[in-house]
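Here's a quick briefing to read alongside the structure. Have the sequence and the model open and follow the topics in turn.

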Amino acid sequence: MDVFTMIKQTITSEDSNPITKYFDIGRQVGSYGPEMVWKIYDAVRKEDKKEASVCIFEKKIADKLHKPRRRETVTEILRQGVQLLEKFKHPRLLGILHPLEESHTSLAFATEPLFASLANVLGRYDRIPTPAPPEIRDHEFLDYEIQYGILQITEALCYLHAVEQMVHKNVCPQSILITKRGTWKLSALCFAETVRDGKDSVICHPWSTKVPKMAQPDLNYIAPETQNSKYCYFLSDMFALGMVICTIFNNGTSLIEAEHSTAIYQKQLELIPERFSDVAHRMPLPLVEPVEKMINKDIRYRPTAQLFCLLKYFNDPILRSLQQLDNIDIMDYCQRTEVYSFIAQVIPSIPKKILYRHVFPALCLECSTADTITSALSPLLTLIDFATREEYVEKILPFFRLIMNSPKPVQATVYILDKLDTVLMKSPADEIRSEVLPFVFNSLESNSLQAQEAALNAIGIIKEYLDDSVMRNMVLPRAKALYHRGSSVRVRLNALSCIDYLLDSLNKMIILDEVLPFLTDITGHDPDIVMAVVGIYKHMLSDKKFGLTHNLIATKVMPPLIPHTVNPGLSMEKFSALMEVLREMLEQIDRKRRNKMQEETSAVPLPKRGSICMPLVDGKAKEDKSGTPSSSRIFLTVENSGMSKSRTEQSLSKMSLIGLDRSREQLAAVTSAAPSSPDMQHVKDDKLSINPEKESQRRFSLIPPAGGTPGISLISDESPCSDRPRRPSTQSLGQFTLPVSWFGEYRRGSSDSSRRSSTEKPRRPSTHSVGILPISMFGEGGEKPRKTSTHSLGIFPLSGFDDDSYGTYTDPRQRRTSAGPFITPEFERKNSRGSLFGFGESKGGQRRASFQALGESVMQLFSSK
């Protein structure tokens, strides 16, 4: 048995066609050609596993001709038709994948994947195994399929007539093949002839019974002039095309059924107008008149293939998009982009059958090439968007999975990531975890900035499909690493945005352990980076679930943010956003701390927020009339009205407006040292300060800084009135430095004006200079004696010149605390030299010579300019 088996295999291998070395041949799906002699088989190319079809002519079919010469004639005609197809490369002609191979028993060649011939679909099942495949028996054409098929065959004739100057001579359903994409292809060029010498016809032999049927065109579609006049024109092919159109709309029955008889042909040729009227009502209205002209016996009425293509019947957006898609191979990149953009717009209007049979396979073919995938992805993702979930899973997903896993240009990756929401809507959950998520994570590690940015943006879309472990172990580390690895601000901003997207999906521990330390370590000063970090903190402040407590805010968050408040790169808007977040943090700290402290010390009332209350008397803050605690900071100014620029003024001009902050002990000592009196109480009620709205501001402060010493002294070191050491004055009044206590006090109406000795009632030495005095102080003032003061000649308490108590004031001078600068009232200035510090000579008072000299020195000092 083994020997017989080996002999059988040897004989079989010798008789088999060489094409089997290149293709794995499957089942037969159809037939075509003269007398349907070519059998169509499904096949797969061994080299690249690409789908194809193999057409085989078995020579034994011609054995019944009984004459070897006839068998050779048929074989030569079929061989010529295949060779012409190999020569002509046009999208409307059948494409050849492998050239003709011949063996002792057969002819074979490989083509693009074929569905069947038009004759098979219309019901002719010659040389097909019985029963016919169900997809052929049950096939029904859509209107768009017929419309576009007729246009495709017309375009093929345009090419043959205009470019190749060739007449087909056998346009019939047996010569038209339908691919698995649904396109119609013209084939069977075995009878085609070239028109030469600029003529429009060729001489041909009419159909005859003397020639084998498989060696002649189909008699039912031969033009009258070819059969009667033995001439074949370009317009003869248009007659045959008209007959094919009528056959399509007549349920596969031709208007002429000659049954291989020329006599019957001639009889039925006369019945064409009558039979056409029965078929016309089934045709689209725009097609009736042109087809009627095409099948006219008079050649002059027939339209050319070029004119027939221009019918309004073919002017449809869907047909135009399909037409451009089939011609995509001969277009450049820019033209391809325009075509795919137009197809994406009309995809919602294309019928599902055409969409998945014609458009989708074409897009798959384009997406398999790196040069065209970028432009072809636009209509493909649009198709995914309009597909149902079942259609996507069954028809699109297997191919789209290959696209995601295969190498592709950066632009294609970015486009898929930008449209990832469309894919997620249609993909099953297990497909998302196994295919989509790895695709996004791999894009995060890409070297392309665009791919990284698109992947970061996609994280916000896929986060609902990620659990905490994936977030913590895969997404968050990649985002942080991308921030540290990124060389541009744009990449870092995208990484921070990704982290912001993830916050809602992360638990509190991940945020505190992973996110917060990462944010606090960011030290960049770029304004955009700062704003991104501020935005994340603002997001974290919006909900307690993020775990951002007031302790973390005070110790971790705010210290790195505060230096950015002086960042010169921040615009007004960004600075305002930063300050808003900082205020919100401070508000949270304030609220939490106050609540906690109030719980701990519920018996002690807390002060109002935003106030600094310093107790002045008995440990309690003194309040003004509005209830607001008064400040212990005292500002004193002096008015420079008409003073000369003396050395004293130059010295004091160097002193700025300074606040003297006294401690509780100092203020308590001052208030306890002063005796209780109505005037003193008045000073306290005035809060020891001058109201700036009632008093004009003076240029120089007469109160030295805290801990400093005055620049001018009127008290000598040996004075018994000195209760604390003072720096010697650098600008004394004249040649001497005199203590203020030497000047006695006078009562109103006293003629001798006796001076009270400093030893009887010691006075606190003045801390001010006598050199700064308003000139109005040195008036006469005889009728209005000065009120008591413990200050220097230039500084008096406000209560010293109360209009109501001035005339009745008789109390001796008391020590008082200065409450600020004093502006003297208008005195009657007469004999100012004789009235300085006294009541004037008109009252009969006598003055000491030292006082007289002091007054003259003061007047000389302040009157000279």
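## The chain at a glance

Of the 865 residues of the protein chain, 49% count as buried. Keep in mind that this is a predicted model. The secondary structure adds up to 32 helices and 14 strands. As for contacts with a separation of 6 or more, 67% of them in the protein chain are between residues 24 or more positions apart.

**The open sheet**

- Start with the sheet: 5 strands make it up, it is open, and the order is β1-β2-β3-β5-β4 with antiparallel pairing.
- At the edges sit β1 (23-32) and β4, each of which pairs on one side only.
- Going from one strand to the next, the twist averages 25°.
- Helix α2 (residues 68-87) packs on this sheet, where it touches β2, β3 (51-58), β4 and β5 (106-111). The direction of α2 makes about 155° with that of β4.
- As a reminder, strands of a sheet pair through backbone hydrogen bonds, either parallel or antiparallel.

**Strand by strand**

- β1 and β2 (residues 38-45) are antiparallel and share 7 bridges.
- Two places to look along that pairing: Asp24 has Val44 of β2 as its bridge partner, and Tyr32 stands opposite Trp38 in β2.
- The same two strands, β1 and β2, form a hairpin with 5 residues between them. In its turn, Gly33 has a positive phi of about 95°.
- Next along, β2 and β3 run antiparallel and are joined by 6 bridges. Lys39 stands opposite Ile56 in β3.
- β2 and β3 also make a hairpin, again with 5 residues between the strands. Here the turn holds Lys49, whose phi is positive at about 60°.
- How much of β3 is buried? The count is 6 of its 8 residues, so β3 is largely enclosed by the rest of the structure.
- On to β3 and β5, which pair in the antiparallel sense over 6 bridges. Glu58 has Ser106 in β5 as its bridge partner.

**The largest pocket**

- The largest pocket holds about 1,400 Å³ of space.
- It is lined by 47 residues, and those closest to its centre are Lys50, Glu112, Pro113, Arg181 and Leu365.
- Which elements each supply at least two residues of the lining? They are β4 (96-102), α12 (317-326), α14 (352-367) and α16 (389-405), so the edge strand β4 turns up here too.- The most comes from α14, which gives 7 residues to the lining.
- By type, the lining divides into 23 nonpolar, 9 polar and 15 charged residues.

**Backbone oddities in loops**

- A cis peptide bond joins Thr130 and Pro131, with omega at about 0°. Pro131 is found in the loop between α3 (118-121) and α4 (134-137).
- Arg127 is found in the loop between α3 and α4 as well. It is not a glycine, yet Arg127 has a positive phi of about 60°.
- Is Arg127 buried, exposed or partly exposed? Its relative accessibility is 29%, so Arg127 counts as partly exposed.
- Asn251 is another residue other than glycine with a positive phi, near 60°. Look for Asn251 in the loop between α7 (234-249) and α8 (262-270).
- Asn251 counts as exposed because its relative accessibility is 64%, and the cut-off for exposed is over 50%.

**A spot check on Ser201**

- Ser201 has its place in strand β11 (residues 201-203).
- Buried or exposed? Ser201 has a relative accessible area of 14%, so it is buried, given that buried means under 20%.
- What does Ser201 touch, leaving aside residues up to four places away in sequence? The list is Val195, Tyr231, Cys232 and Tyr233.

Conventions
Residues are numbered from 1 along each chain as its sequence is written. This is a predicted model: local features need pLDDT of at least 70, side-chain atom pairs count only at pLDDT 80 or more; totals for chains, interfaces and linings use all residues. Side-chain values use heavy atoms; hydrogens and water are left out. On a 1 Å grid over the protein atoms alone, a cavity is a set of points where a 1.4 Å probe fits but cannot get out, and a pocket is an open set with protein on both sides within 12 Å along at least five of seven lines; lining residues have an atom within 4 Å of a point. Grid points are joined across faces, edges and corners, and a volume is the space filled by probe spheres set on the points. Helices (H or I, at least four residues) and strands (E, at least two) are DSSP runs, numbered from the N terminus. Ala, Val, Leu, Ile, Met, Phe, Trp, Tyr, Cys and Pro count as nonpolar, Asp, Glu, Lys and Arg as charged, and the others, Gly among them, as polar. Two strands pair if DSSP finds at least two bridges between them. Axes are lines fitted to C-alpha atoms, for helices over the stretch in contact, and angles run from 0 to 180 degrees between N-to-C directions. Contact means heavy atoms within 4.5 Å. Buried means under 20% relative accessible area, exposed over 50%, partly exposed in between (1.4 Å probe, protein chains only).
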